[in-house]
Amino acid sequence: MKISCSQCGAELTVMETEFYLRCPYCEASITVTAVEDLPFIVVPSVGEEAVRRLFPAGAIAELELRYFPYADGPAGPLPVFSQPFPELEEYRPPAGDRKVFSEDLAGPDQIIPIDEDILAERELRRSGTVLHPVWLAMLKLEGYSQGVLVDGVSGRIVGDNPLEGETAPEVPSRTFLLCLLLGLPCAALVYWLLHAAAAGGSAKALLTILAAAAGSFAALRLFGERGAPSG
Amino acid sequence: MAESPFVTLKCPACGGGLSLREGETHTSCPSCDSGVLLTGAVGNYVLPSEVGSTQALRAVRKAMESGWKDSAGRSRVSRPRLFYVPFWHISAQVQGYVLGLEPEVREEEQPRPVENPDGQSMSVFQSTRTVKRRVGVRAVEREVQLRGSVNVSAADLEPLGIPNLSSKAQMSLEGMEIQRNALPEGLEVFDSRVHTDGVFVDPLVSLSEARADAEEYLRRLAGGAGRGLEQQWKYLVFTGRRDCLIYYPLWVVGFAVDGRPYRAVVDGRSARVLRGRFPAGPSGSRYIAAGAAALWAFAIPPLVNLLATGTFDYHSGTTSLNCSGVLLIIAGALGIGTWQMLRALDRMESRGGTRHV
């Protein structure tokens with residue numbers, strides 16, 4: 001379908017999924033749908049600052065607000081979009097402060113298009129959809145970036161937090177103490193036995209260090225197998 | 001805000017509202033029953049996934065094991081998900097002219113003074129050099145005629161760790177069969193009855209935006225015709241434009257190792273892991289810690305004996321040493337050293353722990 005931009009007159013080709021777009025030539029926002037078909041929009045109650053506080057300082061490279069369309073189903077809101085966010089598949093957003101969509105509430109770049117196939121499949125109407133605010137935070141993770149979604153109403157992270165369990169399961173000082181805990185009794189036992197037998201100095205030293213090493217590395221084996229916390 | 005501009009899709013016969021499905025070229029008006037043919041509809045193509053979910057899992061497993069052998073056994077993998085991500089393929093013919101002023105240069109030979117072999121005198125006319133001298137400008141007209149095509153990301157791939165393709169992007173898509181210009185091979189026409197597996201991601205970038213982006217790229221390409229011109233004017237016309245939407249397969253695999261979540265993206269054509277984070281596994285620091293513990297276990301019993309009896313008996317023979325104080329100071333210093341080393345190792349471990357591709 002072709003329309004012309006109401007501001008600069010440029011001819012634009014519009015897909016059916018687009019109800020609200022930005023003219024690439026003059027940056028004007030254009031609504032391509034009848035007033036009665038406009039969706040509802042939920043006003044975000046969580047601000048940028050609150051989202052930034054969820055992650056360590058400097059972890060967020062970029063933060064953007066997006067609106068994902070949901071339809072009101074009998075069993076709660078149903079997602080009516082197709083976007084590459086596996087964590088949103090099972091997610092059902094909380095109810096928020098609803099308003100009828102108007103152009104001053106969101107920009108065309110913030111709105112995730114409605115998947116008309118899903119609407120048709122479930123026999124839903126576009127006018128019944130609700131645009132739910134979700135913050136998209138681009139996290140910097142050791143030279144790698146990943147997008148994490150934060151609900152704009154509840155302020156909770158959707159899906160798993162990739163920064164969770166950031167402290168490594170291995171703590172060398174704990175390994176040291178555990179090894180010493182088993183190595184020391186072994187070494188002490190051998191030492192005192194040899195002491196009682198009045199063995200020579202270097203033989204005693206050799207056998208004691210063998211006992212100490214055996215004890216310590218036995219502890220390492222034990223620790224290595226069940227030391228890490230299980231999910 | 002300015003007056004809201006509304007545009008509605010209307011039936012040309014009765015003016016009623018029309019609804020058209022994506023990819024459809026004809027429909028009938030629900031109010032007046034007249035047939036409507038849509039021209040200029042966009043073709044949708046799919047690059048079908050050649051990788052199954054088990055193959056995608058195997059690729060992730062292999063990547064996991066290459067870093068830390070035990071991690072695959074410790075991992076909890078969720079069901080891999082297939083996403084078909086959209087790209088706009090815009091091809092167009094650029095025709096036009098670049099008008100400009102070309103500097104006119106005259107080459108002149110100038111004598112160059114050269115030192116004579118005797119080192120005393122200079123000979124002037126033995127050698128010459130060429131000097132370019134600008135003598136004016138000439139108006140030129142250069143014709144531009146090129147056919148080019150550009151692929152532009154229609155979805156936002158950055159949350160998956162993959163760079164977006166656009167006229168501004170510098171990065172290419174490493175390891176993927178779709179690149180900035182060429183149409184990938186093996187495309188099939190999209191049919192919702194045939195291509196049922198996977199989620200077909202809706203484009204976030206409108207066709208008009210993609211066209212504007214492609215035009216900018218082609219304009220820059222055509223601008224090469226104006227090389228060396230001072231003050232240039234370009235008149236470019238885009239004709240024979242063909243656009244289509246290409247869906248590219250990507251598998252997204254989420255997994256957790258020891259309760260820590262990770263994610264990897266696998267190419268649906270080559271089964272290569274494109275992007276992902278993986279646990280790095282235990283490092284050598286645990287052996288350092290165990291070795292230090294063994295040394296301390298070895299040293300503590302004779303130190304206790306030394307404190308109790310005043311004899312250090314790892315020495316061959318049982319010579320009494322009168323330097324227990326010195327030994328204890330050395331032991332104390334070594335103790336502090338061990339503690340500092342362990343603290344440093346702890347810090348090192350908490351920083352590392354993941355690696356990425």
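Let's begin at the start of chain B: over residues 1–8 of chain B, pLDDT stays under 50, and the model has 15 contacts beyond four places in sequence for this stretch. This is a predicted model, and the predictor gives the complex an ipTM of 0.75 and a pTM of 0.72. The points below look at confidence, then at the build of chain A, its strands and its domains, and finally at the domains of chain B.

**Confidence along the chains**

- Taken as a whole, chain B has an average pLDDT of 81, and 84% of its residues score at least 70.
- Where in chain B is confidence lowest, and where is it highest? The lowest mean, 67, belongs to strand E2 (residues 35–37) of chain B, while strand E8 (residues 199–200) of chain B has the highest, at 91.
- For chain A, the average pLDDT is 83, with 90% of the residues scoring at least 70.
- Chain A also has a stretch to read with care: pLDDT stays under 50 over residues 225–231 of chain A. The model has 11 contacts beyond four places in sequence for those residues.

**The overall build of chain A**

- If you trace chain A through the model, you will meet four helices and 11 strands.
- Chain A is more spread out than a compact globule, because its radius of gyration is 31 Å, well over the 17 Å that the globule rule gives for 231 residues.
- Along the principal axes, the C-alpha atoms of chain A fill a box of roughly 105 × 40 × 30 Å.
- How many of the 231 residues of chain A count as buried? The share is 37%.
- Take the contacts in chain A between residues at least 6 apart in sequence: 64% of them join residues at least 24 apart.

**Strand E6 of chain A and its partners**

- Strand E6 (residues 60–73) of chain A pairs with strand E9 (residues 129–141) of chain A in the antiparallel sense, over 11 bridges.
- To find this pairing in the model, look for Leu65(A), which stands opposite Trp135(A) in E9(A).
- E6(A) also runs antiparallel to strand E7 (residues 76–79) of chain A, and four bridges join the two.
- Which residue of E7(A) is the bridge partner of Ala71(A)? That partner is Leu78(A).
- The connection from E6(A) to E7(A) is a hairpin through two residues.

**Domains of chain A**

- Chain A falls into three parts: domain 1 (1–32), domain 2 (35–158) and domain 3 (172–226).
- Between the C-alpha centres of domain 1 of chain A and domain 2 of chain A, the distance is 23 Å.
- Where these two domains meet, eight residues of domain 1 of chain A are in contact with nine residues of domain 2 of chain A.
- On the side of domain 1 of chain A that touches domain 2 of chain A, strand E3 (20–22) and strand E4 (29–31) of chain A each supply at least two residues.
- E3(A) gives the largest share of that side, three residues.
- By type, the residues of that side of domain 1 of chain A are two nonpolar, three polar and three charged.

**Domains of chain B**

- Chain B is divided into domain 1 (8–41), domain 2 (46–97 + 141–279) and domain 3 (285–356).
- How far apart do the C-alpha centres of domain 2 of chain B and domain 3 of chain B lie? They are 57 Å apart.

Conventions. Residues are numbered from 1 along each chain as its sequence is written. Chains are lettered from A and ligands numbered from 1 in the order in which they are written. This is a predicted model: local features need pLDDT of at least 70, side-chain atom pairs count only at pLDDT 80 or more; totals for chains, interfaces and linings use all residues. Domain bounds come from an automatic or database domain assignment. Two residues are in contact if their C-beta atoms, placed from the backbone, lie within 7 Å. Ala, Val, Leu, Ile, Met, Phe, Trp, Tyr, Cys and Pro count as nonpolar, Asp, Glu, Lys and Arg as charged, and the others, Gly among them, as polar. pLDDT is the predictor's confidence in each residue, from 0 to 100. The radius of gyration is taken over C-alpha atoms; the globule rule is 2.2 Å times the number of residues to the power 0.38. A residue is buried if 20 or more other C-beta atoms lie within 10 Å of its own, exposed if 12 or fewer, and partly exposed in between; C-beta atoms are placed from the backbone. Two strands pair if DSSP finds at least two bridges between them.
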